[in-house]
Amino acid sequence: MSFPKIRMRRLRRSESMRRLVRETSLNVDDLVYPLFVREGKGLKKPIKSMAGCFHFSPDTIAAEAAEVAELGIPAVLLFGLPGKKDDAGSQAWAEDGVVQRAIGEIKKAVPQLLVITDICLCEYTSHGHCGVIKKSTSAQEHKSIVDNDATCELLAKVALSHAQAGADIVAPSDMMDGRVRYIREALEENGFHDVAIMSYAAKYASAFYGPFRDAAESAPSFGDRKTYQMDPANARQAMAEIALDIEEGADIVMVKPALAYLDIIYRARQRFDCPIAAYNVSGEYMMIKSSAEAGLLDEKTVMLETLTAIKRAGADIIITYFAKEFVKS
Ligand code: PBG
């Protein structure tokens with residue numbers, strides 16, 4: 001008997017054969033589409049830093065949400081750009097804030113579409129940090145630092161106001177310690193037992209958020225986010241972050257960004273049994289968009305390869321600016 005020349009290739013002979021043995025398949029059910037809502041009227045304005053994405057106003061966002069629902073995407077993730085900013089970010093919990101109004105409009109038009117809201121202060125504070133600033137008394141720290149517990153109190157107010165407006169899931173993205181507990185408590189005390197928490201549990205201090213910070217006008221005016229977001233060099237610490245958020249009441253935990261952190265998604269999948277989300281962030285999106293624009297990559301194929309890799313690593317839910325394009329592809 002001669003040694004078999006063909007072995008692994010037998011199962012790759014045709015598209016039908018490849019489909020039959022495929023281990024990972026992407027599904028529209030896995031996707032969440034982020035949307036930006038800003039103060040104004042009649043807006044659908046292209047975002048310069050993020051090709052194919054738009055700023056909507058509360059009165060135009062329902063039409064976009066309806067299109068998303070029509071495509072079969074189960075959820076949107078809302079980010080708000082307020083009309084005015086202040087030191088505490090008070091527009092974030094205003095009853096008539098942009099996100100609060102947008103939730104109402106979306107729920108009126110497409111009640112079945114899940115509305116997830118980003119819970120953070122950076123888009124709302126004049127200094128662009130994700131929380132309240134206090135003076136540091138330690139020589140080791142920057143002279144201004146983010147006050148952990150004071151920020152958690154405000155985040156709980158933001159989450160509650162989103163729940164009151166009709167949000168299905170609130171998603172704290174600030175990385176303060178203990179914020180999931182503050183939020184869960186505020187929701188419970190006010191009867192919002194059914195509102196779920198998707199925490200940005202392992203969120204890294206990443207430069208891949210660049211295009212988003214432009215889009216959300218949320219870049220910090222001094223310093224960086226390294227005293228609250230995670231150091232990209234750490235993996236075991238991510239497991240500790242996730243464990244804490246689950247203990248505090250998170251229903252879904254997220255790893256962010258996704259692509260440079262596939263090992264974190266994989267480890268989280270091995271270790272925890274709750275749904276795991278991964279955020280395919282703005283910089284990852286724009287790397288593909290701009291390479292395709294320059295004629296270097298085939299956009300559709302690279303998009304599919306990327307999203308499949310995130311799913312293969314273990315993500316149940318993928319938050320991506322490609323969601324609509326994926327469905328249309
Ligand atoms: C708010 C927030 C950010 C992103 C999601 N929520 C920016 C940041 O932390 O600076 C980034 C999303 C993206 O890059 O697509 N804190």
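Which side chain has an N or O atom 3.5 Å from a nitrogen atom of the ligand? In this predicted model, the residue is Asp 118. Two further side chains pair with oxygen atoms of the ligand. A polar side-chain atom of Tyr 321 lies 2.6 Å from a ligand oxygen, and for Arg 225 the distance between an N or O atom of the side chain and an oxygen of the ligand is 2.9 Å. On its own the ligand has 400 Å² of accessible area, and the protein covers 100% of it.

The shell around the ligand comprises 18 residues. Lys 203, Arg 213, Lys 256, Ser 282 and Tyr 321 are the closest of these. Tyr 321 thus appears both among the closest residues and in a polar contact with the ligand. By class, the shell consists of 10 nonpolar, 3 polar and 5 charged residues.

The ligand occupies the largest cavity. This cavity encloses about 140 Å³ of space and is one of 4 cavities of 30 Å³ or more in the structure. Its lining is made up of 19 residues, with Cys 122, Lys 203, Tyr 209, Phe 212 and Lys 256 nearest the centre. Lys 203 and Lys 256 are therefore named twice, being among the residues closest to the ligand and among those nearest the centre of the cavity, which is defined on the protein atoms alone. The cavity lining divides into 9 nonpolar, 4 polar and 6 charged residues.

Open pockets were examined as well. The largest pocket has a volume of about 530 Å³. It is lined by 16 residues, and Arg 18, Val 21, Arg 22, Glu 23 and Thr 24 are the closest to its centre. Two elements, helix H1 (15-21) and helix H10 (299-313), each give two or more residues to this lining. The largest contribution comes from H10, with 3 residues. Charged residues number 7 in the lining of the largest pocket, alongside 6 nonpolar and 3 polar residues.

The second largest pocket contains about 200 Å³ of space. Its lining includes the acidic residues Glu 141, Asp 147, Asp 177 and Glu 241, together with Lys 134. Ile 145, Val 146, Met 175, Met 176 and Tyr 228 also line this pocket, as do Asn 148, Thr 227. The class counts for the lining of the second largest pocket are 5 nonpolar, 2 polar and 5 charged.

Technical notes: Residues are numbered from 1 along each chain as its sequence is written. This is a predicted model: local features need pLDDT of at least 70, side-chain atom pairs count only at pLDDT 80 or more; totals for chains, interfaces and linings use all residues. Side-chain values use heavy atoms; hydrogens and water are left out. On a 1 Å grid over the protein atoms alone, a cavity is a set of points where a 1.4 Å probe fits but cannot get out, and a pocket is an open set with protein on both sides within 12 Å along at least five of seven lines; lining residues have an atom within 4 Å of a point. Grid points are joined across faces, edges and corners, and a volume is the space filled by probe spheres set on the points. Helices (H or I, at least four residues) and strands (E, at least two) are DSSP runs, numbered from the N terminus. Ala, Val, Leu, Ile, Met, Phe, Trp, Tyr, Cys and Pro count as nonpolar, Asp, Glu, Lys and Arg as charged, and the others, Gly among them, as polar. A residue is near a molecule or strand if one of its heavy atoms lies within 4 Å of it. A polar contact is a pair of N or O atoms within 3.5 Å; within protein, one must be able to donate a hydrogen and the other to accept it, and residues adjacent in sequence count only if both atoms are side-chain atoms. Accessible areas come from the Shrake-Rupley method with a 1.4 Å probe; for residues, only the protein chains shown count as cover. A molecule sits in a cavity or pocket if more than half of its atoms lie within 2 Å of its grid points.
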